[in-house]
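Q: I should like to learn how the features of a protein model are read. Could we take them step by step?

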Amino acid sequence: IPVTNLHQLGAEVANASFYAAGSREGFLKVRDELNVLSAASFFVSDQIGKAQTIKLLTNLTFYSGKVIGAEAIAACQRVGIPAEYAWQYFCEQDSLSMAMRHF
């Protein structure tokens with residue numbers, strides 16, 4: 001089962017997400033246990049490999065946000081705004097993403 005959000009404390013604070021493919025019946029048998037270990041678990045498809053595709057898409061989305069955040073902070077530094085101030089400002093905005101929060 002592919003898993004996302006296993007960064008530093010993801011497993012310890014149970015905010016990981018599981019994506020399952022294959023037997024729906026098998027997923028339903030273990031869903032309660034998966035939900036104890038995670039923030040969410042999803043049955044994606046009966047086709048093996050589809051869950052890995054979803055995990056790849058979530059990773060691409062997250063790391064695209066990391067790149068955009070890093071570029072924004074670098075642009076701030078180029079004009080003399082310290083990185084820490086820029087990051088704090090970005091974290092106060094309504095558009096705050098999980099990617100920016102994890103800098």
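A: We may begin with a definition: helices and strands are DSSP runs, numbered from the N terminus, with at least four residues for a helix and at least two for a strand. In this predicted model, Ala74 is found in helix H2, and Leu60 lies in that helix too, which covers residues 50–78.

Q: How many helices and strands are there, and what pattern do they follow along the sequence?
A: The protein has four helices and three strands. Read along the sequence, their pattern is β-β-α-β-α-α-α.

Q: Is Ala74 buried, partly exposed or exposed?
A: The general idea is a scale of relative accessible area: buried means under 20%, exposed means over 50%, and partly exposed lies in between. Ala74 has a relative accessible area of 24%, so Ala74 counts as partly exposed. Its C-alpha atom is separated by 9.3 Å from that of Ala86, which is 12 residues away along the chain.

Q: What share of the residues counts as buried in the whole protein?
A: Of the 103 residues, 24% count as buried. The protein exposes about 7,000 Å², and carbon and sulfur atoms supply 58% of that area.

Q: Which residues make up the largest nonpolar core?
A: A nonpolar core joins buried residues of certain kinds through their side-chain atoms. Here the largest one has seven residues, namely Val3, Ala16, Phe18, Ala20, Phe27, Leu34 and Phe43. Strand E2 (17–21) and helix H1 (24–37) each contribute at least two residues to this core.

Q: Which residues form a nonpolar patch on the surface?
A: Leu56, Leu57 and Leu60 make a nonpolar surface patch of about 280 Å². Residues of a patch need over 30% relative accessible area. Leu60 has 47% relative accessibility and therefore counts as partly exposed.

Q: Which residues does Ala40 touch, leaving aside those up to four places away in sequence?
A: Ala40, found in strand E3 (residues 40–45), touches Ala16, Ser17, Phe18 and Asn35. Ala40 and Ala16 are 24 residues apart along the chain, and their C-alpha atoms are separated by 7.1 Å. For the protein as a whole, residues 24 or more positions apart account for 41% of the contacts with a separation of 6 or more.

Q: How many disulfides does the structure hold?
A: A disulfide is a covalent bond between the sulfur atoms of two cysteines. The structure holds zero disulfides.

Q: Are Cys76 and Cys91 buried or partly exposed?
A: The relative accessible area of Cys76 is 15%, so Cys76 is buried. Cys91, by contrast, is partly exposed, with a relative accessible area of 22%.

How values were computed
Residues are numbered from 1 along each chain as its sequence is written. This is a predicted model: local features need pLDDT of at least 70, side-chain atom pairs count only at pLDDT 80 or more; totals for chains, interfaces and linings use all residues. Side-chain values use heavy atoms; hydrogens and water are left out. Buried means under 20% relative accessible area, exposed over 50%, partly exposed in between (1.4 Å probe, protein chains only). Contact means heavy atoms within 4.5 Å. Accessible areas come from the Shrake-Rupley method with a 1.4 Å probe; for residues, only the protein chains shown count as cover. A disulfide is a pair of cysteine sulfur atoms within 2.5 Å. Patches are made of residues with over 30% relative accessible area and no salt bridge: like charges are joined within 9 Å, nonpolar side chains (Val, Leu, Ile, Met, Phe, Trp, Tyr) within 5 Å. A salt bridge is a side-chain nitrogen of Lys or Arg within 4 Å of a carboxyl oxygen of Asp or Glu. A nonpolar core is a set of buried Ala, Val, Leu, Ile, Met, Phe, Trp, Tyr and Cys residues joined through side-chain atoms within 4.5 Å.
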